[in-house]
Amino acid sequence: MAYLNLELKTGWRWKERDTEIYNVLAELNVLDSWNPVRAGMPSEVHVELIKAKEIPHPSKAFMSTKFNREWLYATTLPVDSHADGEFVELVFEGLDTFCSVYVNDVHILEADNQFRTYRVRRVRLDPSVLRKESTVLLHFKCAKAIALEQEKKYGRVRAGSCNLGDPSRVYARKAQYDWRWDWGPELLTVGPYRPIRLLTYTAHIVDLHPQALVSAELTPSLVVEATIRGNTSAVKFMQIVLRTPLGQVKQTRIVASELRLEADLDTELAHWTFEKEEVKLWWPTGYGAQTLYELEVTLFGENSAVLDQQSKPFGFRRVRLIQEPLVEADKYGKGTTFLFEVNNVRMFIGGSNWVPADSFLTTITPDRYRGWLQLMKDGNQNMVRLWGGGVYEPDVFYDLCDELGLLVWQDFQFACGIYPAHDSFVDSVKLEAEDNVRRLRHHPSMALFCGNNEDYQQILQWNIETDLPARKIYEEVLPGIVTALTRDEVPYHRGSPYGGKGWDTADPTVGDVHQWTIWAGTNVYQDYDILGGRFISEFGMPAMPDMRTVNFWLQGAPENERYAQSKIMAQHNKAGSHERRFSYCMGDNFKYTSNLETHVYNTQILQSDAVSYAYRSWRREWRGPGKQFTSGSIVWQINDTWPVTSWAIADYFMRPKPAFYSIARELKPCTVGIFRNVQKSRDCDRPRQFYDFNTFPCVSAEVEVWGTNSALTPCVAKLELSFVDLESNWVHNDTQDVVLMPNQTTEIVKMVVPEPPIPSSGFSAELAQWEPRRTRTHTLVVGARLVDAETGAVLSRTSDWPQPYRYYNFPDPGLKVTVEGEIIGVSVSRPVKGLVFSVCEEENVQWSDNGIDVMPGENQEIRAKGLGLKKLYVAYMGSEQAKEV
């Protein structure tokens with residue numbers, strides 16, 4: 001009655017399908033001549049082709065067309081692998097995507113959904129099929145061809161803009177980004193991309209569910225459920241063990257044979273209730289410890305023989321999505337909240353959208369997942385949204401989110417399309433959803449299941465006349481499955497964005513919104529503060545990556561291709577109309593340049609300023625009970641699938657752009673913010689923060705200063721304000737004591753910006769003669785620091801520079817840099833903006849901060865882990881090409 005769980009990792013071979021051979025099984029006659037799998041199992045064909053040097057790596061070359069083919073994988077099962085056990089089962093945790101599976105000459109499975117786990121049970125995989133040497137054959141069909149066939153049958157639909165790949169993709173339950181997205185290449189991957197296992201057993205725990213419940217009074221309890229498969233009558237008793245984070249046994253229960261087990265049905269095995277302090281709650285990062293327990297269930301047969309044993313980590317927490325009427329109105333009106341409450345604490349959410357970390361999923365190691373998620377935590381983020389055009393990530397991803405305290409917003413895998421709802425499609429989606437909700441429901445990090453990405457929005461965006469067939473999926477199938485399998489312990493949201501009447505997905509008073517009008521060119525980024533909503537689940541500004549990453553894809557390119565608009569550079573930017581849209585944002589804010597490195601730097605400062613301003617402005621709207629107008633913002637996006645110019649705040653090689661650090665500063669527990677409003681001579685269309693020198697003289701300026709505090713206790717601090725003139729030595733300082741109220745924003749001061757004296761000569765002196773009414777504040781940098789009243793530690797700092805930057809010749813800052821081990825010290829005699837440290841070596845340095853502004857009179861320190869003996873380079877506004885320190 002032995003239990004065997006064998007991952008089939010060895011002996012695999014692959015080849016391109018020879019379509020001239022009618023019977024695919026005949027291809028096994030020359031199995032020894034097939035290519036050995038060199039990159040390891042799980043496997044993907046492109047990775048094998050690259051390893052075999054049959055195609056160049058697509059990150060450095062134009063795309064391969066080999067995704068239009070069919071492919072074969074095969075292996076021979078170990079001779080004694082299935083010797084014991086009443087039941088034999090093959091488990092395919094992920095087949096990409098359309099695959100016929102054979103054991104010897106028997107067709108056992110037809111797979112058509114990349115997101116499902118397929119289990120070929122005894123009824124279909126009879127042990128008599130297996131011989132002493134059994135061959136498993138996987139025949140992968142062309143997903144593109146099958147999707148087009150389905151499109152012919154059911155009709156062509158709209159699926160996003162023309163930048164998102166062929167619309168036929170909606171008919172294939174395959175990662176949608178494979179068809180191309182506006183940040184990723186068209187690479188239709190294929191292969192067994194998740195593990196394949198052979199099980200033999202008498203009785204087997206198919207699913208173990210530690211359902212940790214926390215009441216409204218924060219009283220914890222645990223319901224233990226399991227699904228048993230096989231000969232359940234052979235189970236004589238079960239042992240259930242609950243272990244603490246230190247591995248100590250906290251609770252044990254023996255379930256005796258009188259318990260009736262029905263095969264393949266969820267069975268409640270135990271229900272334990274605890275006192276409030278008896279177990280510790282799991283908290284998101286920044287609010288408490290990430291306490292995890294372990295549940296272990298063992299099945300025993302005759303003579304106490306172990307039939308199976310399974311364990312799962314889990315945590316106790318209570319999460320709710322609160323959508324309730326607001327007591328007061330904001331700039332948009334009243335409406336309702338859209339906020340997350342964990343363990344009865346309402347939290348402002350700051351996080352990132354996640355796309356698959358590689359076009360080739362099999363290359364993403366656990367260490368890479370840890371690196372990305374640790375980066376988010378280090379950046380003070382508390383939520384990751386898994387976007388609906390990728391995949392449900394492997395278990396290691398969610399395990400790490402549990403460990404690190406990152407809440408998970410999980411989209412079901414539908415993105416930017418009008419998906420079908422015919423019976424076979426809906427049936428496949430049901431099984432997909434059940435597989436993944438069962439797999440993910442025990443994770444304390446799971447905060448939301450969401451029906452789709454931008455599918456409702458498509459109707460309004462493109463003025464499409466349709467009833468959206470997939471409403472059946474988003475409004476009936478998926479919420480029904482989430483409720484049944486989680487008992488509403490994980491909230492469900494129909495789509496993102498979603499909320500307004502008549503599918504008004506842009507209504508800022510209800511639900512969540514995606515804010516893309518700025519990148520579309522409708523508004524300037526300085527309008528983020530008036531283009532918010534209750535929860536902004538997508539927004540962003542693209543930027544070019546680290547110069548080392550740009551040089552990676554320019555390897556071997558002629559010198560005349562090293563400019564921002566070259567053919568090779570265009571190959572690594574998939575965004576629609578990106579040159580026109582970039583030109584709006586860049587032309588508004590920066591001087592024109594033909595130097596590639598300067599252009600790269602400027603795009604990064606643009607992104608950094610834009611997204612940090614959005615975070616700063618929207619966090620300001622978390623104003624306390626009854627006034628929690630904006631409860632979160634999730635930037636598009638944290639990562640890339642390949643080396644590219646995109647919205648990512650860290651590039652493919654995990655090299656953070658300045659925006660990563662500026663967001664981290666805005667998500668500290670306590671922050672200070674500044675808004676400068678420049679009064680023009682009359683109402684006009686100029687951005688409120690801009691000084692105007694061509695039409696509307698600016699007559700005055702005022703600043704608003706506020707502080708935020710995410711802690712649940714007040715923060716007593718001192719506000720230090722400084723106004724520094726870029727054209728003289730004039731400085732004005734101001735200080736005041738402040739108390740930042742807990743878990744909300746506190747408005748501190750609103751004041752007219754003081755005027756520096758008129759210089760005796762120069763452009764500003766001439767302006768004063770021509771237009772006496774014009775304010776002199778256009779040369780002032782405003783700096784603010786929050787200092788802990790007790791310790792003197794700097795809690796937060798920010799600066800507001802005169803805009804737009806294109807008007808200014810930034811002064812020599814008198815920069816002083818010291819390096820002692822891994823500690824870099826920075827001081828200046830004049831203000832400096834966008835100070836970026838870098839290295840040329842491929843190995844990354846982990847900077848504690850970067851892309852900083854520094855004011856005179858302060859010393860800032862940056863920890864540079866891994867700097868060692870590497871040469872240190874620095875760039876800043878006015879000296880955008882990095883120079884060695």
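Colleague: Which residues line the second largest cavity?
Modeller: This is a predicted model, where local features need pLDDT of at least 70 and side-chain atom pairs 80 or more, while totals for chains, interfaces and linings use all residues. Residues are numbered from 1 along each chain as its sequence is written, and side-chain values use heavy atoms, without hydrogens or water. A cavity is a set of points on a 1 Å grid over the protein atoms alone where a 1.4 Å probe fits but can't get out, and a lining residue has an atom within 4 Å of a point. Here the lining is made of Met544, Ala564, Met569, Ala570, Asn573, His578, Glu579, Phe582, His599 and Thr645.

Colleague: Which helix gives the largest share of that lining?
Modeller: Helices are DSSP runs of H or I with at least four residues, strands are E runs of at least two, and both are numbered from the N terminus. Two elements give two or more residues to the lining of the second largest cavity: helix H9 (567–571) and helix H10 (578–589). The largest share, three residues, comes from H10.

Colleague: What volume does the second largest cavity have?
Modeller: Its lining has five nonpolar, four polar and one charged residues. Volume is the space filled by probe spheres set on the points, which are joined across faces, edges and corners. For the second largest cavity, that comes to about 90 Å³.

Colleague: And what's the volume of the largest cavity?
Modeller: The structure holds seven cavities of 30 Å³ or more. The largest of them has a volume of about 120 Å³.

Colleague: Which strand gives the most to the lining of the largest cavity?
Modeller: Of the 14 lining residues, Pro210, Ala212, Arg317, Arg441 and His442 are the closest to the centre of the largest cavity. By class, the lining has five nonpolar, six polar and three charged residues. With four residues, the element that gives the most is strand E11 (residues 203–214).

Colleague: Back to Phe582: how far apart in sequence are the parts tied together by its pair with Trp519?
Modeller: Rings of Phe, Tyr and Trp (its six-membered ring) pair if their centres lie within 6.5 Å, and planes over 60 degrees apart count as edge-to-face, under 30 as stacked and the rest as tilted. The count comes to 49 aromatic pairs. Trp519 and Phe582 are edge-to-face, at 5.5 Å centre to centre with 85 degrees between the planes. Trp519 sits in the loop between strand E26 (513–515) and strand E27 (536–539) and Phe582 in helix H10, so the parts tied together are apart in sequence by 63 residues.

How values were computed
1 Å grid on protein atoms, 1.4 Å probe; cavity = no way out; pocket = protein on both sides within 12 Å on 5 of 7 lines; lining within 4 Å. Nonpolar A, V, L, I, M, F, W, Y, C, P; charged D, E, K, R; others polar.
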